[in-house]
Amino acid sequence: MAVELNELRDQIDAVDKQIVELLAQRLSLVEKVGEVKSKHGLPIYAPDREAAMLASRRAEAEKRGVPPQLIEDILRRTMRESYASEKDSGFKCLNPELGSVVIVGGNGQLGGLFKRMFELSGYQVKVLGSKDWDNAEEIVQDAGMVVVSVPIHLTDSVIKKLPKLPDDCILCDLTSIKAEPLAAMLEAHSGPVVGLHPMFGPDIPSMAKQVIICSDGRMPETYQWLLKQFEIWGASICAIDAEEHDNGMTLIQALRHFTSFAYGSHLSKENPNLDTLVQLSSPIYRLELAMVGRLFAQDPELYGDIIMSSQRNIDMIKRFHQRFGEAIQILDNQDKQAFVDQFNTVSEWYGDYSQQFMRESQNLLKQANDAIHRGK
């Protein structure tokens, strides 16, 4: 049995080596694709091409008796690597006549990411850091665009501190709230203004499939090239009113981060053995534990700023606290019917999204389970 098993394993190893060689060939071709896209100003992420290719490969896999989801999983992971490789070819510069791009806070992580992306696109980039304000007028005198990327609690004061910008200079920010910074920019500068919110952190391998929120300020026709530049980088643009954005972020960011903060605080005070929790965890609980732990691996100042950035966030969290108490009351009353009724009400509110999220979460859980190593 051992001899027979070893022979089969040797064959599997040989096939795996062929797979590695084929993947190397594919990545080499991707580099050439990146060069062509860079030359012609094509986005690194082409959703229609990706969808058509995946559908074709799924059909081919099914004909060969290979589970279609298997080939899709492999290709999606391969494409993620491909998008990261394609950006190394650089990007076409859509506005070569633009003056320098000045990034206020460009020494920070997010500002540094945008600095690299603009440089890969051929723009002249300058940084206005915390120690450079004595030379601020000189730094911005030829600016075609000024990007404010500083902590939320400093954004308004930094915008007000900016020297007079050239009349045609675009002023924008990268803050996770939009209404207040947008108002501050409109007051500080008479030229083009736009509010931006990158819905990602600085550790992304590429901008493919990432979302950048855009809230119009003034003279939107002057910065359409910028939005197209983001799309060439692979990002998707979501245009939304600043107030509507901030209302959404209250739920998406402030409440979500606060509940993770509260749950993590609860765990630390209960003080369970984390090794034991991890060993006992189903994939879904391990993901939940990971997402909470992820918060505490990052900058507390950043998350404190996000949560406390507005009274509306605090009011929302207080309403959540009230509803949490109402749910506790159901438990205290041992009222299972009330629980079921409330459950069904929420399920109806989710509508078709319930099944969509079920499918999406199942895929995530499969990937999470694949990554688990149970050995010693």
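This passage walks through the domains, nonpolar cores, a pocket and one helix of a predicted model. Local features need pLDDT of at least 70 and side-chain atom pairs count only at pLDDT 80 or more, while totals for chains, interfaces and linings use all residues. Residues are numbered from 1 along each chain as its sequence is written, and side-chain values use heavy atoms, with hydrogens and water left out.

The protein chain is assigned domain 1 (1-86), domain 2 (100-240) and domain 3 (245-371), with bounds from an automatic or database domain assignment. Between the C-alpha centres of domain 1 and domain 3 there are 35 Å.

A nonpolar core is a set of buried Ala, Val, Leu, Ile, Met, Phe, Trp, Tyr and Cys residues joined through side-chain atoms within 4.5 Å, where buried means under 20% relative accessible area (1.4 Å probe, protein chains only). The largest such core has 38 residues, and Phe114 and Phe230 are among those with the most contacts inside it. Helix α8 (residues 224-232) gives the most to this core, 5 residues; helices here are DSSP runs (H or I, at least four residues), numbered from the N terminus. Domain 1 (1-86) and domain 2 (100-240) each supply at least three residues to this core. Leaving aside residues up to four places away in sequence, Phe114 touches eight partners by name: Ile103, Leu174, Pro198, Phe200, Met207, Ile212, Phe230 and Trp233 (heavy atoms within 4.5 Å).

Helix α14 (residues 336-350) has 15 residues, so at 1.5 Å a residue it should span 21 Å, and its end C-alpha atoms are indeed 21 Å apart; the expected span is 1.5 Å times one less than the number of residues. After α14 comes Gly351, with a positive phi near 60°.

Conventions
Helices (H or I, at least four residues) and strands (E, at least two) are DSSP runs, numbered from the N terminus. Buried means under 20% relative accessible area, exposed over 50%, partly exposed in between (1.4 Å probe, protein chains only).
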